[in-house]
Amino acid sequence: MATFTSRNARDSKKASDYFSKMHSELDLEKYKLAKYQELFQLSSFQNMHDADLAYFEVYSKCAKNSWTKEDLLNCLEQEERLLIKHPNAFNSDAYKQHVRKAINDIKQQLNGGALDYLYV
């Protein structure tokens with residue numbers, strides 16, 4: 001038996017799948033490997049972790065709130081306003097800065113049309 005979905009449901013799934021893929025590609029489990037434990041003493045490595053964590057969180061929110069372009073933009077605006085520190089971040093300010101960068105990058109792509117193919 002054939003299953004039919006509306007165009008909007010299919011298109012919103014495309015956007016959700018895209019952000020889910022981006023989210024899953026940021027494997028934060030790698031930071032738990034024993035070979036990296038000494039590197040956590042380096043501020044540059046901590047900054048890299050906080051950047052990955054920020055993008056991981058933003059992509060997760062995008063995957064859950066990408067039904068329409070407008071929904072996603074509203075979600076990003078709300079995330080930017082309600083920005084809080086993450087308990088796993090080494091440097092709260094650096095984490096917040098990376099979250100803002102991730103949000104701005106995605107908003108620019110959405111407003112510039114680079115992600116329109118997800119909603120067509």
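**Phe-45 and its ring partner**

I looked up Phe-45 to begin with. In this predicted model, Phe-45 is buried, because its relative accessible area is 9%. I then checked Tyr-36. Tyr-36 comes out at 24% relative accessibility, so I log Tyr-36 as partly exposed.

I counted aromatic pairs next. The structure holds nine. One of them joins Tyr-36 and Phe-45. Their ring centres are 5.6 Å apart, and the planes make an angle of 35 degrees, so I enter the pair as tilted.

I also noted an aromatic cluster. Its members are Tyr-18, Phe-19, Tyr-55, Tyr-59 and Tyr-117. Phe-19 turns up again in the next entry.

**The largest nonpolar core**

Which residues touch the most other members of the largest nonpolar core? I find Phe-19, Val-58, Leu-76 and Ile-106, in a core of 27 residues. I traced the helices behind the core. At least two residues come from each of α1 (7–25), α2 (43–64), α3 (69–81) and α4 (92–112). The largest share is that of α2, with eight residues.

I followed Val-58 outward. Setting aside residues up to four places away in sequence, Val-58 touches Leu-76, Val-99, Ala-102, Ile-103 and Ile-106.

**Leu-76**

I placed Leu-76 in helix α3. Is Leu-76 buried or exposed? I log Leu-76 as buried, because its relative accessibility is 1%.

I listed the contacts of Leu-76, again without neighbours within four places in sequence. They are Val-58, Cys-62, Ile-103, Ile-106, Lys-107 and Leu-110. Val-58 is thus on the list of Leu-76, and Leu-76 is on the list of Val-58.

I took one distance as well. From the C-alpha of Leu-76 to that of Asn-47 I get 22 Å. The two residues are 29 apart along the chain.

**Cysteines**

How many disulfides does the structure hold? I find zero. Cys-62, a contact of Leu-76, is in no disulfide. The nearest cysteine sulfur to that of Cys-62 belongs to Cys-75, at 5.9 Å.

Why is there no bond from Cys-75 to Cys-62? I checked from the Cys-75 side: the closest cysteine sulfur is in Cys-62, and 5.9 Å is too far for a bond. The cut-off for a disulfide is 2.5 Å between the sulfur atoms.

I closed with burial. Cys-62 counts as buried because its relative accessible area is 0%. Cys-75 has a relative accessible area of 9%, so I enter Cys-75 as buried too.

Notes. Residues numbered from 1 in each chain as written. Predicted model: local features only at pLDDT ≥ 70, side-chain atom pairs only at ≥ 80, totals over all residues. Heavy atoms only, no water. Core = buried A, V, L, I, M, F, W, Y, C linked by side-chain atoms within 4.5 Å. Buried < 20%, exposed > 50% of the residue type's maximum accessible area, 1.4 Å probe, protein only. Helix = DSSP H or I, 4+ residues; strand = E, 2+ residues; numbered from the N terminus. Contact = heavy atoms within 4.5 Å. Phe/Tyr/Trp six-rings, centres within 6.5 Å; stacked < 30°, edge-to-face > 60°.
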